[in-house]
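Good morning, everyone, and thank you for making the time. Before I begin, please open the sequence and the model side by side, and keep both in view while I talk.

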Amino acid sequence: MFIDTHSHIFDSAFDSDRSEVLDKCIESNVKKLIVVGFDKETNRLALELSKKYPYLYPTVGLHPTNLDDYSDNFFNYLEELIKLDEVVGIGECGLDYYWDDSKKDLQKEVFLKQIELSLKYNKPLIIHSRDAIGDTLEVLKSVGKPINGVMHGYSGSLEMAREFIKLGLKIGIGGVVTFKNAKNVKEVVKELDLSNFVLETDCPYLTPTPYRGKRNAPYYIPLIANEIASIKKIDVKEVEETTTKNANELFGGRLL
Ligand code: NI
């Protein structure tokens, strides 16, 4: 069984055929999906969908490009959601200087608050980092404690990946690993032990080869696993078993 540790299955791209897509996931051996919220509305949708389908597990958070939702009230409400048994993680959260680098301090403050909630409630962080990898590491290190979580959609250097692993984090490998020009990700996969990786789609975005450009969906997870197996010259069964074990560890046995 595979686990997609990062999906946005609530996205309107799935409105016309969501149940068919979810059926196809089960048929494709992708039997558990983490549904990742990133603002007020998507946190609500992640929770709502997870009530409907038992193999969907919600996370709630505030993404650095959605800071319009930010307020003390929002954070009180977010903390109430995080306390719920069914919520398995916090995020996506993190830093993004690609879309907006005008509010770096506010991004760091909001990220740090979510790190603190992760430590307080012992739930893993789903970390987004774009054009901000140095600052992401710095904020995480500033806490001075081991951190449970995943560097989602990782595309940084091997050297930085080692730093995140040292803090206690997993590395999320998605469709990008199948792209011909994805040198960094391929090197990270080749050099680091399989015990550090979890699989993810980030659907509906970042569709793996050969479906690049089309809508991404969790049933493409085996394509990502195949690519990892071929880079590491191991059997895909090993990738399946180890990454599923890693995902279960990451979510602290909450994926029941
Ligand atoms: Ni995402």
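How do helix 2 and helix 3 stand to each other, roughly parallel or roughly antiparallel? Please keep in mind, as we look, that this is a predicted model. Helix 2, which covers residues 40-52, and helix 3, which covers residues 72-83, pack at an angle of about 15°, and their axes are 12 Å apart. An angle under 35 degrees counts as roughly parallel, and therefore helix 2 and helix 3 are roughly parallel to each other. The crossing in which helix 2 passes helix 3 is left-handed. If you would like to find the contact on your screen, helix 2 contributes Lys-40, Asn-43 and Leu-47, while helix 3 contributes Phe-74, Tyr-77, Leu-78 and Leu-81.

Let me turn now to the sheet. What is the order of the strands in this open sheet? There are 8 strands, they follow the order 1-2-3-4-5-6-7-8, and their pairing is parallel. Strand 1, at residues 2-7, and strand 8 stand at the edges, and each has a single partner strand, so one side of each is left without a neighbour in the sheet. On average, neighbouring strands of this sheet are turned by 30° against each other, if direction is ignored.

Two helices will help you to place the sheet. Helix 4, residues 104-121, packs on the sheet and touches both strand 4 and strand 5, the latter at 125-130, and the direction of helix 4 makes about 155° with that of strand 4. Helix 8, by contrast, lies across strand 1, strand 2, strand 7 and strand 8, and it runs at about 110° to strand 1. Towards that end of the numbering, strand 7 and strand 8 run parallel and are joined by 3 bridges, and Ile-173 has Leu-199, in strand 8, as its bridge partner.

Next, some details of the backbone. As a reminder, most residues other than glycine have a negative phi, and most peptide bonds are trans. Where, then, are the cis peptide bonds that I would like you to look at? One of them joins Gly-91 and Glu-92, with omega at about 25°, and Glu-92 is found in strand 4, residues 89-96. Another runs from Thr-209 to Pro-210, with omega near 5°, and Pro-210 has its place in the loop between strand 8, at 197-199, and helix 8, at 221-232.

The loop between strand 8 and helix 8 also holds Leu-206, whose phi is near 55°, a positive value in a residue other than glycine. Leu-206 is partly exposed, with a relative accessible area of 42%. Lys-233 likewise has a positive phi, near 55°, and it lies in the loop between helix 8 and helix 9, the latter at 236-250. Is Lys-233 buried or exposed? Its relative accessible area is 74%, so Lys-233 is exposed.

From Leu-206 we can step to a loop elsewhere in the chain, since Val-176 touches Ala-182, Val-185 and Leu-206, when residues up to four places away in sequence are not counted. Val-176 is found in the loop between strand 7 and helix 7, and at 24% relative accessibility it counts as partly exposed. Ala-182 is found in the loop between strand 7, at 169-173, and helix 7, at 183-191, but Ala-182 is buried, with a relative accessible area of 8%. For a sense of distance, Ala-182 and Asn-196 are 14 residues apart in sequence and 19 Å apart in space, C-alpha to C-alpha, whereas Val-176 and Gly-253 are 77 residues apart in sequence and 28 Å apart in space, again C-alpha to C-alpha.

Finally, I come to the cysteines. How many disulfides does the model contain? The count comes to 0. For Cys-93, the closest cysteine sulfur is that of Cys-203, and because it is 19 Å away, it is too far for a bond. For Cys-203, the closest cysteine sulfur is in Cys-25, at 7.6 Å, which is also too far for a bond, given that the two sulfur atoms would have to be within 2.5 Å. Cys-93 is buried, with a relative accessible area of 0%, and Cys-203, at 0% relative accessibility, counts as buried as well.

Definitions and conventions:
Residues are numbered from 1 along each chain as its sequence is written. This is a predicted model: local features need pLDDT of at least 70, side-chain atom pairs count only at pLDDT 80 or more; totals for chains, interfaces and linings use all residues. Side-chain values use heavy atoms; hydrogens and water are left out. Helices (H or I, at least four residues) and strands (E, at least two) are DSSP runs, numbered from the N terminus. Buried means under 20% relative accessible area, exposed over 50%, partly exposed in between (1.4 Å probe, protein chains only). Two strands pair if DSSP finds at least two bridges between them. Axes are lines fitted to C-alpha atoms, for helices over the stretch in contact, and angles run from 0 to 180 degrees between N-to-C directions. Contact means heavy atoms within 4.5 Å. Angles under 35 degrees count as roughly parallel, over 145 as roughly antiparallel, 65 to 115 as roughly perpendicular and the rest as oblique. A crossing is left-handed if the near helix is turned anticlockwise from the far one by less than a right angle, and right-handed if clockwise.
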